[in-house]
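I opened the notebook to get to know a structure I had not looked at before. The entries below follow the order in which I looked things up.

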Amino acid sequence: MTESTVCLADLASVIRSKNAGPFVITLDVFFKEGEVFRKVRDAGVITKASLAELYRVSEDDILEVTFFEPAEALKISIKRWVSSAAPGDTDVFGAQQHVPLMSLSFDLEK
Amino acid sequence: MDELRILSPTGILGYGFPADSLAEGMANKPHAIAVDAGSTDPGPYFLGIQPGEAIGKLAKFGRTVHADLRPLMKATLGARIPLIIGSAGGAGGNLHVMGVALLIREIAEQEGLKFRMALIRAEIEPSLVKEKLRQGKVTPLGPVPELSLDDVDRSVRIVAQMGVEPFVRALEEGAQVILGGRASDPAMFAALPILQGFDKGLSIHMGKILECGAIAAEPGSGGDVLLGTIRRDHFLVEPMNPVRRCTVRSVAAHSLYEAADPWHLNEPGGTVDLRGVSFAQETDRCVRVSGSRFVKDPVYRIKLEGAEFVGYRTICIAGVRDPAALAHLDEMLEGARIRTAEQFSDLDRAQWELYFRVYGRDGVMGPLEPESSLAHEVGLLIEVIASTQEDATSICMFAHAQILHYGFPGRTSTAGNLAFPLSPQDIPVGPVHRFNIYHLMEVDDPLIHFPIQMIEVGR
């Protein structure tokens with residue numbers, strides 16, 4: 001870690017998760033500043049591979065990683081490990097699965 | 001007509017709205033009120049529910065829906081504008097539509113209201129799904145397995161999301177109250193604009209933003225009123241409660257809400273392409289949206305939702321506070337699991353399942369939880385799913401007793417390892433379902449699978 005290392009929670013005004021249908025959880029990140037959004041996007045550190053590692057799932061389960069310019073937002077969609085409310089599910093609405101994303105850290109100065 | 005105004009009173013029928021917000025909305029002379037009444041979010045229970053299982057228990061049918069319907073019916077019928085409701089009763093099956101229709105009739109009688117009501121059904125016959133499946137016209141939606149004929153047989157109820165077309169038809173036929181079964185969320189909001197010739201892409205995109213009430217405002221609320229104004233080449237959204245405002249950010253953010261792909265809204269019959277969309281601050285509290293474009297699909301496809309019955313659930317809630325018990329938590333749970341399996345060895349092991357959820361450790365994220373620390377106390381949810389309610393309760397009771405009196409090395413608190421907040425400890429919850437159909441089905445006609453029944457209420 002260097003001094004310029006930051007985590008996503010410091011840069012974002014919104015980090016949230018929610019079902020996108022019963023089989024997918026979608027994560028949205030809105031950035032405090034457009035400039036930061038572009039820096040994060042261009043840094044190329046948020047990828048299917050890095051997210052798979054963060055969530056400890058297979059890379060194939062990371063369905064989408066999209067930087068959405070009109071809202072200066074990052075959208076990630078992940079396959080649910082168990083469908084909404086099926087036996088063994090812990091979060092029927094999928095509203096509390098965003099937390100690992102908050103601590104995703106990277107060096108924006110690089 | 002240069003513009004059309006659609007009022008969205010609340011995120012889900014039953015979530016409520018301030019009376020002042022509705023009054024302000026009506027002062028803007030809307031051309032319709034539209035409201036979404038359902039979602040798959042609460043899980044498959046609502047889709048799987050059987051008539052015998054006390055419909056009255058369904059939160060979606062309770063007092064809150066009644067409380068929302070009354071002022072909405074009075075406002076719309078008083079102003080001679082349509083009230084358009086979709087995904088009735090949460091899941092939008094026939095019994096859900098009939099349940100909400102009963103509430104509407106009850107209110108009409110109490111208030112002396114007379115109107116023409118359209119009921120639009122959205123249940124799909126399993127035989128049709130099988131026929132389409134054999135023709136290769138059913139495909140998975142997202143990370144879902146291919147559908148099998150068995151899946152169709154196991155599904156206790158199948159609904160399809162209707163598009164705007166059945167709502168448009170009901171409006172053409174003069175319905176003043178439209179109660180639809182399962183519907184695509186924006187359809188109720190987009191129907192009147194599309195009927196009046198407004199751009200389809202803009203109409204549906206506006207519907208997508210309006211369907212959650214004031215969630216697209218700052219501060220957001222699922223229980224407050226949002227006004228959408230559509231014009232030829234753009235639309236405006238504005239909250240009716242002065243404490244809220246729509247900002248470019250809040251409205252753009254909402255375009256992403258609950259969608260896997262931010263650039264495309266996949267709807268029955270086509271896609272709204274958002275790649276050319278722009279958001280602009282019209283006034284301090286109002287946002288202008290333009291550039292959303294509808295791209296028609298070569299074939300019309302509807303989204304199917306089905307739920308299969310899994311078993312009956314019984315739960316037990318308990319807390320663990322003793323530090324030594326916490327240190328031996330996994331050992332206790334594993335011990336209880338083994339003893340319970342021994343005790344019920346006469347039951348087919350495939351017929352029941354035991355789950356422990358440890359709140360304060362990994363109750364929220366389960367195997368995905370990155371943290372390994374344990375709180376000074378944990379909440380334990382014991383859950384059993386079995387083929388009968390009696391078995392589920394017996395197994396749950398036995399399992400909780402094993403944990404309660406589990407003797408681990410160094411135990412000093414020998415009277416019991418669990419704190420129960422409730423009596424009885426084991427709570428029968430009822431049937432459990434699983435979504436087993438979430439597929440797209442090609443159809444030849446956007447209307448015929450969603451039959452419309454016209455009823456004269458109060459006449």
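**Entry 1: a helix in chain B**

I began with helix 4 of chain B, residues 94-111, and checked its length. It has 18 residues, and at 1.5 Å a residue they should span 26 Å; the end C-alpha atoms are 26 Å apart, so the two agree. I should jot down early that this is a predicted model.

Next I asked myself which residues of helix 4 of chain B are buried. I got B:H96, B:V97, B:G99, B:V100, B:L103, B:I104 and B:A108. What do those buried residues pack against? In chain B, I found strand 2 (32-38), helix 3 (63-79), strand 3 (83-90), strand 4 (115-120), strand 7 (177-180) and strand 19 (452-457). Just after helix 4 of chain B, I came to B:G112, with a positive phi of about 65°.

Helix 3 of chain B is also where I found B:A79. Is B:A79 buried or partly exposed? I counted 14 other C-beta atoms within 10 Å, so B:A79 is partly exposed; 20 or more would have made a residue buried. I also took its distance to B:I6: the two are 73 residues apart in sequence and 13 Å apart in space, C-alpha to C-alpha.

**Entry 2: chain B as a whole**

I stepped back and found 13 helices and 19 strands in chain B. Its radius of gyration is 25 Å, close to the 23 Å that the globule rule gives for 459 residues, so chain B is as compact as a globular protein of that length. Along the principal axes, I noted that its C-alpha atoms fill a box of roughly 80 × 50 × 50 Å.

Of the 459 residues in chain B, I have 51% down as buried. I looked at contacts in chain B between residues at least 6 apart in sequence, and 76% of them join residues at least 24 apart.

**Entry 3: two domains**

I looked up the domain assignment of chain B, which gives domain 1 as 4-122 + 161-300 + 443-457 and domain 2 as 309-435. The centres of these two domains of chain B are 41 Å apart, taken over C-alpha atoms. How many residues are in contact between domain 1 and domain 2 of chain B? I found five residues of domain 1 touching six residues of domain 2. On the domain 1 side of that contact I sorted three as nonpolar, one as polar and one as charged.

**Entry 4: strands 10, 11 and 14 of chain B**

I followed strand 11 of chain B, residues 270-273, and saw its side chains alternate. B:G270 and B:V272 point to one face and are buried, while B:T271 and B:D273 point to the other and are not. I reminded myself that in a regular strand the side chains alternate between the two faces of the sheet.

Strand 10 of chain B (residues 264-267) runs antiparallel to strand 11 of chain B, and I counted four bridges joining them. B:H264 stands opposite B:D273. The two strands form a hairpin with two residues between them, and I noted B:G269 in the turn, with a positive phi of about 90°.

I then looked at strand 14 of chain B, residues 293-296, which is joined to strand 11 of chain B by four bridges and runs antiparallel to it. Here I found B:T271 with B:V295 as its bridge partner.

**Entry 5: where chain B meets chain A**

I found 37 residues from chain B and 37 residues from chain A in the contact. Helix 10 (248-256), strand 12 (278-283), strand 16 (352-359) and strand 18 of chain B each supply at least two residues on the chain B side. Which element gives the largest share of that side? I found helix 10 of chain B, with five residues. By type, I sorted the chain B side into 23 nonpolar, seven polar and seven charged.

**Entry 6: backbone oddities**

Most residues other than glycine have a negative phi, and most peptide bonds are trans. I went looking for exceptions.

- I found a cis peptide bond from B:E218 to B:P219, with omega near -10°. B:P219 is in the loop between helix 9 (200-210) and strand 8 (226-230) of chain B.
- I found a cis peptide bond from B:S423 to B:P424, with omega near 0°.
- In chain A, I noted A:E72 with phi near 45°. A:E72 has 24 other C-beta atoms within 10 Å, so I marked it as buried.

How values were computed. Residues are numbered from 1 along each chain as its sequence is written. Chains are lettered from A and ligands numbered from 1 in the order in which they are written. This is a predicted model: local features need pLDDT of at least 70, side-chain atom pairs count only at pLDDT 80 or more; totals for chains, interfaces and linings use all residues. Domain bounds come from an automatic or database domain assignment. Two residues are in contact if their C-beta atoms, placed from the backbone, lie within 7 Å. Ala, Val, Leu, Ile, Met, Phe, Trp, Tyr, Cys and Pro count as nonpolar, Asp, Glu, Lys and Arg as charged, and the others, Gly among them, as polar. A residue is buried if 20 or more other C-beta atoms lie within 10 Å of its own, exposed if 12 or fewer, and partly exposed in between; C-beta atoms are placed from the backbone. The expected span of a helix is 1.5 Å times one less than its number of residues. The radius of gyration is taken over C-alpha atoms; the globule rule is 2.2 Å times the number of residues to the power 0.38. Two strands pair if DSSP finds at least two bridges between them.
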